[in-house]
Amino acid sequence: MSIAILLAQIFCLLAALIHFGSIALVTLRGRAGRLDTANPHGQPPVSILRPVCGIEHAIDRTLGSGFGLDYPDYELIFCVASASDPAIPGIRRLMAANPAVPARLLIGDDRISINPKLNNLVKGWDAAKHEWIVMTDSNVLMPPDYIDRMLDRWDATTGLVCSPPLGSEPQGYGAEFECAYLNTYQARWQLAADALGQGFAQGKSMFLRRENLDRHGGIAALAADPAEDAAATKAIRANGQRVRLVRQPFAQPLGARALRAVWSRQLRWARLRRVTFPAFFCMEFLTGGLFPIAIATWLAFNDAIPGWIAPLLAVAWYGAEAFLAKNLDWHYSRRSPLAWVPRDLSLPVLWIAAVCGNGFEWRGNQMDVKKDSLLATEAD
């Protein structure tokens, strides 16, 4: 047996074990229910900061979900950078329709970083009344037990609790393709890392105590990296604390998505991961089913393994993703496998594109991950 064939066999075996093992781990983790039967923090008052920029799909429903939380004491602070933002009238309507929930709308842009969302959040952080703070993107659909589900993950070692985005309600193939990236790929790996004690933040929902950032200079500490979630992860770990993820991620209704917009977003995230967590980014090139299935096919053609193993691996590979989605009630449809396969084909292309460039666009801002500078300000 040649060394090449031996190495190929070892790679396929390891890839399959990691893939199926991560799916089993996340499925068990998601179905385990509550682990912390009594939260020592009770239900402390919470300030929820929601950065808003423009009209997004289902924005009335996502922003409105914050007024329906089953929680005794919380405030909503909507942060908008420009007084001409078209989302402002809708926010004011929601506030007027829900007078029982303390809510404020703050307008202004504090340029403390190259990150437009972080600049938008500064005023909310300064105005928040409570010690416990949640920063939640405007496109996150908050269930009634939203705060309790994050508090449930808090223990003596925790410095931050977050949730990866979970795509839901896709309309059309572009949104289905985004679900393929967000759910059984990205969310799965993040939840698996958390189950192994290596959780890291993602900025869709971040829940923390004010003091944990004040040790590093307050919210300005999140300007240390182009992405605020990467900076938050490093700050919390520097405290000797852990980042933990909610047991079940919160949904982001997608609606219709253009493939070009989906690719642009994935490229932005990949380039940010490249500069913030380079060691983990390097391993991304070999993730997905493309290389294991292709190598198993090559081994079969060379009579190194039985011919039936390669097609069986392909069916099992994506069947395991379907098992994960169905068991955790994540989005799944007949289109899903038709998006998972092109996603895996695109992963090496995405990795190469992330390595070969530094620039990306974020809400009208042209940014550069290496120069760490804002190249063009957001148009009013």
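This passage describes a central sheet and two helix pairs in a predicted model.

The sheet is a convenient place to begin. Seven strands form an open sheet, and their order is β3-β2-β1-β4-β7-β5-β8, with mixed pairing. The edges are occupied by β3 (103-107) and β8 (242-245), each of which has a single partner strand, so one side of each lacks a neighbour in the sheet. From one strand to the next, the twist averages 20 degrees. As a general reminder, strands of a sheet pair through backbone hydrogen bonds, in either a parallel or an antiparallel sense. Here, strand β1 (residues 46-52) and strand β2 (residues 74-80) are paired in the parallel sense, over seven bridges. Within this pair, Val 46 is found opposite Tyr 74 of β2. Helix α4 (residues 116-127) packs on the sheet and touches β1, β2, β3, β4 (132-136) and β7 (205-209). The direction of α4 makes about 145 degrees with that of β2.

Attention now turns to the packing of helices on one another, starting with α11 and α12. Helix α11 (residues 290-301) and helix α12 (residues 309-327) have axes that come within 8 Å and cross at roughly 165 degrees. Because angles over 145 degrees count as roughly antiparallel, α11 is roughly antiparallel to α12. The crossing in which α11 passes α12 is right-handed. On the α11 side, the residues in contact are Pro 292, Ile 293, Ala 296 and Thr 297, and they meet Ala 310, Leu 313, Ala 314, Trp 317 and Tyr 318 of α12. Sorted by character, the residues of this contact comprise eight nonpolar and one polar, with no charged residue.

The other pair is formed by helix α9 (residues 259-276) and helix α13 (residues 336-355), which pack at an angle of about 60 degrees with their axes 9 Å apart. The two helices are therefore oblique to each other. Here too there is a right-handed crossing, in which α9 passes α13. From α9, the contact draws on Trp 263, Gln 266, Leu 267, Ala 270, Arg 271 and Arg 274; these meet Ser 346, Val 349, Leu 350, Ala 353, Ala 354 and Val 355 in α13. Eight of the residues in the contact of α9 with α13 are nonpolar, two are polar and two are charged.

Definitions and conventions:
Residues numbered from 1 in each chain as written. Predicted model: local features only at pLDDT ≥ 70, side-chain atom pairs only at ≥ 80, totals over all residues. Heavy atoms only, no water. Axes fitted to C-alpha atoms, helices over the stretch in contact; angles between N-to-C directions. Helix = DSSP H or I, 4+ residues; strand = E, 2+ residues; numbered from the N terminus. Parallel < 35°, antiparallel > 145°, perpendicular 65-115°, else oblique. Left-handed = near helix turned anticlockwise from the far one by under 90°. Contact = heavy atoms within 4.5 Å. Nonpolar A, V, L, I, M, F, W, Y, C, P; charged D, E, K, R; others polar. Pairing = 2+ DSSP bridges.
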